[in-house]
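Q: Please take a close look at one part of this model, the open sheet and the aromatic side chains that go with this region. A connected account would be preferred to a list.

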Amino acid sequence: MSFPPSAAKSPPSCTAADPARVQRPLCPICGGSPAGPLPAPAPWALAWCDPCQFGFLTNPPDYAAMTGEFEWESSSATENQRRRAELGTAGAKLAALLAGFRQAYRRLVKRDKLNRVIRDSALTGDLIDLGCGTGNLWDSFPADCAPVGIELSPVSARKCRARLATRSGRFIEADALNGLRQLPDASAQGAIAISFLEHDVRPVETLRELHRVLRDGGAFVIKVPNYACWNRTVRGLRWCGFRFPDHVNYFTPRALREICARTGFRVARFGWFDQAPTSDNMWCVARKVPTPAA
């Protein structure tokens, strides 16, 4: 499936130097030139790599801005407020009602996909949580899994440290790439990146560093928004997966497979239901391919 660039008006140029921005004129996965721009609200510039089937901001905020001007807690709240205002009173009430039904459904059927995926992947020992937020997912870890949380946000970092006061594990306050650099080779059995890779301005470098830290065969569980979903096609820029500038990467199934292959991972689980076009999100389990001996 191909998603050619839109003929809509191009976003503003991102060639001017800006100390709060990272300049990514080339595809972060393959390093190729983008096929063209995609619609995006100013001042953000969204490009499309056709070979990778991957969308990416060419002028995303840098890590420092993500802990300041564009910190996730504030920008996410602002974006949610903007979307509610856009819906109007009646639309906002309907959206809140639907959200309540979804939450009730999850509680009734006890749906916990992360727990099942971790269990099915036979993960034990140290389990790295990239972009762990407040550590709220750690309750889904099996008893024999100790979290190694890495998080950039100072606000979330305080809550993570409080959680670790009552359980074993480790927390590193840093961006994912530099946090992983603090860990020894082959020191973890597995890792998760739940709603994280769409935020990382250096995803290939981060996954290559993760490859170094994982043991051979270690499992890596990924959840990202599905740019190839039908909902995105129908709703356009109103799609829930668009979060400017929080989301800097937009993955399709092909892009997710491509970034795994380029960073030393073999896709172990990525069936139709994990990447269904009816779902806004994708789930994938990849495993570390051992590095050939020199």
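A: **The open sheet and the aromatic cluster**

The sheet is an open one of 4 strands, in the order S1-S2-S3-S9, and the pairing is antiparallel. Its edge strands are S1 (36-38) and S9, each of which pairs on one side only. From one strand to the next, the twist averages 30°. The model is a predicted one.

Strand S2 covers residues 46-49 and strand S3 residues 54-57; the two pair in the antiparallel sense over 4 bridges. Within this pairing, Ala 47 of S2 has Phe 56 in S3 as its bridge partner. In general, the strands of a sheet pair through backbone hydrogen bonds, in either a parallel or an antiparallel sense.

Next, the aromatic side chains. The model holds 12 aromatic pairs, counting ring centres within 6.5 Å. In one of them, the ring centres of Phe 242 and Tyr 250 are 5.2 Å apart and the planes meet at 50°, so the pair is tilted. That label follows because planes under 30 degrees apart would count as stacked and planes over 60 as edge-to-face. Phe 244 and Tyr 250 form another tilted pair, with 6.3 Å from centre to centre and 40° between the planes. Tyr 250 therefore takes part in a pair with Phe 242 and in a pair with Phe 244.

As for burial, the cut-off is a relative accessible area under 20%. Phe 242 has a relative accessibility of 4%, so this residue counts as buried. Tyr 250 has a relative accessible area of 2% and is therefore buried as well. Phe 244 is buried too.

These three residues belong to one aromatic cluster, formed by Trp 48, Tyr 227, Trp 239, Phe 242, Phe 244 and Tyr 250. By residue number, Trp 48 falls within strand S2 (residues 46-49), and Tyr 250 falls within strand S9 (249-251). Another member of the cluster, Tyr 227, has a charged group over its ring: the charged end of Arg 232 sits there, 4.0 Å from the ring centre.

The loop that leads into S9 also deserves a look. His 247 lies in this loop, between helix H7 (230-235) and strand S9 (249-251). With a relative accessibility of 9%, His 247 is under the 20% cut-off and so counts as buried. Apart from neighbours within four places in sequence, His 247 is in contact with Leu 57, Glu 198, His 199, Pro 225 and Gly 241. One of these contacts, Leu 57, falls within strand S3 (residues 54-57).

Note on methods:
Residues are numbered from 1 along each chain as its sequence is written. This is a predicted model: local features need pLDDT of at least 70, side-chain atom pairs count only at pLDDT 80 or more; totals for chains, interfaces and linings use all residues. Side-chain values use heavy atoms; hydrogens and water are left out. Rings of Phe, Tyr and Trp (its six-membered ring) pair if their centres lie within 6.5 Å; planes under 30 degrees apart count as stacked, over 60 as edge-to-face and the rest as tilted. Buried means under 20% relative accessible area, exposed over 50%, partly exposed in between (1.4 Å probe, protein chains only). A charge sits over a ring if NZ of Lys or CZ of Arg is within 6 Å of the ring centre and within 35 degrees of the ring normal. Contact means heavy atoms within 4.5 Å. Two strands pair if DSSP finds at least two bridges between them. Axes are lines fitted to C-alpha atoms, for helices over the stretch in contact, and angles run from 0 to 180 degrees between N-to-C directions.
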